[in-house]
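Colleague: I've got a sequence and a model open on my screen. Could you walk me through them?

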Amino acid sequence: MQRTGLYAARTTNPILRDETRKLIVDYISDPSSSSNVSDAYAQETFATAQQTYDLLVAQGWPRPDGWFGGWITLSIRKPWIWTSQHGSTTSGVFGQPWITINPVKTSQGANLKTTVAHEMGHAFQRQLTTNLSTKWFDEASANAIAWMLLGNQADLTTDLSSFPLLPNSSIPSGFYRGYSTDEAYAAGSFAIWMEKNYPQSILKTYQRLSWDPRYWYDSYGTFAEATGAPNEMATLVHGWGKWYWSQQEYPVSGLDLSHLRPEIADWSGVTIQQARPAASSDRADVAASVAFAPQLRGKDVVASFRTNGTGQDAVIYGDNHICTSPPGTLTELAVMNHLTQPVKKLGTYGTYACYRVIVSNYDLSDAAEIEIRIYSPHVATISPSSGSRNGGYPLTVNGTGFGAGGANTRVTVGGWNCPVTAWSDTRVTCTMPALPSTGPYAVQVQTQEFVKTNTVTFTAN
Ligand SMILES: [Zn+2]
C-alpha cells in the first residue's frame, strides 16, 4: 500500500536521541520527500549539535533545557515559508528550543556544520533572552559561535561578502535596531573580533541582556562591561576597524574591500576626506600614479591628519602587496590623531607597494570631518635664482608640503643657513647668507619632521 501525506512522513522519521544532552535530531528518509536526507547528513547534524552544546556549556552558558526539563529538537525539514533560509530557531511552548535545518539549502560539510552551530547558538541565546524576533547581535554572535566551533572551517564568507564594507556604517548603539538582517549576519566579524580579543564576552553580553532590560538600549555600555575594555567606543571602533580593514585573519582575509583608491599624482599629494558617521571606520588604499611613481620613488613621504572633533584617528600601514590586491604583510607606520600625532614621516616612497589608511570615528558624533593628506615635500622654484655672494637680500622658495613651520625647520644654501623670515606650506622666505665664493649652491628645505626636500641650484656671482 502506498502511504501518503502526514502519516507517511511520520512513519519515515528516524530519530537520533542524546539522553545526556537532551538533544533530538529527526529527519526524513523517504526519497519521495523534498526533505529527504541521508543518514550521514543526519549524523553530521547530530554530531555538530552535540559539539556546539559541549562548547557552550564549557564556556558557562546555561543548558537550554526549557522550563520543564525539555529537549532541544532539530528537525531537518524544508520550511513552508522562508525557503531561502538555511535554518531557523524558535522557542517552543515551554521554552524548549525548536530548530529547523533546511536540507534544500544546506549541503553536508562546512555549510551544514556552520548552520547547525549557528542555530544551536540561537537555542542558547533564547535561554537567556527568550526573545522570538531576530536582533542583530543574535545573528552576529550565532555566526561567531559557528566560528568558535569550526574556526577557519566555518562557512562565513558568503555572509560577510554581502556587506563587505560593514564597519563603514555605525555600530548600532542598542540591540533593538541598527543593522538590517543581512548586515546582522555580516556583523559576525564584529562578534568574532570581540570574542577573539575578549573571550566569553558574547556570553557576558547575553547575561547582561537577561539581567536588566536597560542593557538593550545601550550596546556600547553593554560591550564595555562584557569586554572590560577601557574607553569602550575607541576600543570597539578602532579595534574592530583595525582588525577588519587590515584583513590579516579569517573570515575577513579573503574579502574584496578596495573601494577608495586615491592616487598621488604630483608632489602636493593626495587628500582623503571622510565625513564619518559615529562609531564607524573605513580604509583607503594609496599609491602613486603610474606616471608619477618614478619621480616619487626614493623621496620622503609625509602624512598629515586633521579633524574637527576629538574622537578620530588614522592608522597608516605600509603593505608589500599592491593596492589592488588584498593586504599582505603590513608594517604600522603611523597612528595619527589630532593631539599627539598630526604629522608623521612615513619614510621613503617605494619601500612599500601600497599605503593602507584606516580611518576611525569612535565618537558619538555623526559630524566628524577627517582629512588625511599624503604628500612629499618638494621645492619647485626659487627666486631669485642668482645673486650677489655677499647676501643680505630675501630668497623665496616655492613648492609644496613644507608644513606649518616649527623649531626643526631650515632653509640651507650650499649647507649655509638661510635665516627664515616667513613660512607657509607652499612658500618660504629667508635672508640670503654671505657665501664664500661665486658659483652654484644647492638650496634645500628641511621640514619640522626632518624631511629634506630635493635641491634647486642658486648661482652666486
Ligand atoms: Zn540566525
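Colleague: Let's start with the packing: what share of the residues of the chain count as buried?

Modeller: Keep in mind that this is a predicted model. A residue counts as buried if 20 or more other C-beta atoms lie within 10 Å of its own. Over the 461 residues of the chain, the share that counts as buried is 42%.

Colleague: And how confident is the predictor, as a chain average of pLDDT?

Modeller: There's a weak stretch over residues 1-10, where the pLDDT is below 50. Beyond near neighbours in sequence, that stretch has 5 contacts in the model. Still, 94% of the residues score at least 70, and the chain averages a pLDDT of 91.

Colleague: What radius of gyration does the chain have, set against a compact globule of 461 residues?

Modeller: Look at the spans first: along its principal axes the C-alpha trace covers about 115 × 45 × 30 Å. A compact globule of 461 residues would come out near 23 Å, but the radius of gyration of the chain is 31 Å.

Colleague: How is the chain divided, and how far apart are the C-alpha centres of domain 1 and domain 2?

Modeller: The assignment gives domain 1 (5-246), domain 2 (263-375) and domain 3 (378-460). Where domain 1 and domain 2 touch, the contact takes 13 residues from domain 1 and 17 residues from domain 2. On the domain 1 side, these are 6 nonpolar, 6 polar and 1 charged residues. The C-alpha centres of domain 1 and domain 2 lie apart by 37 Å.

Colleague: Now the open sheet of 5 strands: which strands stand at the edges?

Modeller: The order is 6-8-13-10-11, with mixed pairing. Strand 6 pairs with strand 8 (residues 280-288) in the parallel sense over 2 bridges, and I264 stands opposite A288 there. Two strands have a single partner strand each, so one side of each is left without a neighbour in the sheet: strand 6 (263-264) and strand 11 (330-336).

Colleague: There's a hairpin later in the chain, formed by strand 20 and strand 21. Which residue is the bridge partner of A422?

Modeller: Strand 20 (residues 420-423) and strand 21 (residues 427-431) pair in the antiparallel sense over 3 bridges. The hairpin leaves 3 residues between the two strands. In strand 21, the partner of A422 is T429.

Colleague: Is N102 buried, exposed or in between?

Modeller: N102 is in the loop between strand 5 (97-101) and helix 3 (110-129). Leaving aside neighbours within four places in sequence, N102 contacts K78, P79, Q85, H86 and G87. Buried takes 20 or more other C-beta atoms within 10 Å. N102 has 19, so N102 is partly exposed.

Colleague: Which prolines follow a cis peptide bond, in the loop before strand 6 and in the loop before strand 16?

Modeller: Most peptide bonds are trans. In the loop between helix 10 (232-246) and strand 6, the cis bond from Y250 has omega of about 5°. In the loop between strand 15 (378-383) and strand 16 (386-387), the one from S383 has omega of about -5°. The prolines are P251 and P384.

Colleague: Last one: what is phi of Q200?

Modeller: Q200 is in the loop between helix 7 (188-197) and helix 8 (201-211). Q200 counts as partly exposed, with 14 C-beta neighbours inside 10 Å. Most residues other than glycine have a negative phi. Q200 has a positive value, near 70°.

How values were computed. Residues numbered from 1 in each chain as written. Predicted model: local features only at pLDDT ≥ 70, side-chain atom pairs only at ≥ 80, totals over all residues. Pairing = 2+ DSSP bridges. Helix = DSSP H or I, 4+ residues; strand = E, 2+ residues; numbered from the N terminus. Domains from an automatic or database assignment. Contact = placed C-beta atoms within 7 Å. Nonpolar A, V, L, I, M, F, W, Y, C, P; charged D, E, K, R; others polar. pLDDT = per-residue confidence, 0-100. Rg over C-alpha atoms; globule rule 2.2 N^0.38 Å. Buried ≥ 20, exposed ≤ 12 C-beta atoms within 10 Å, placed from the backbone.
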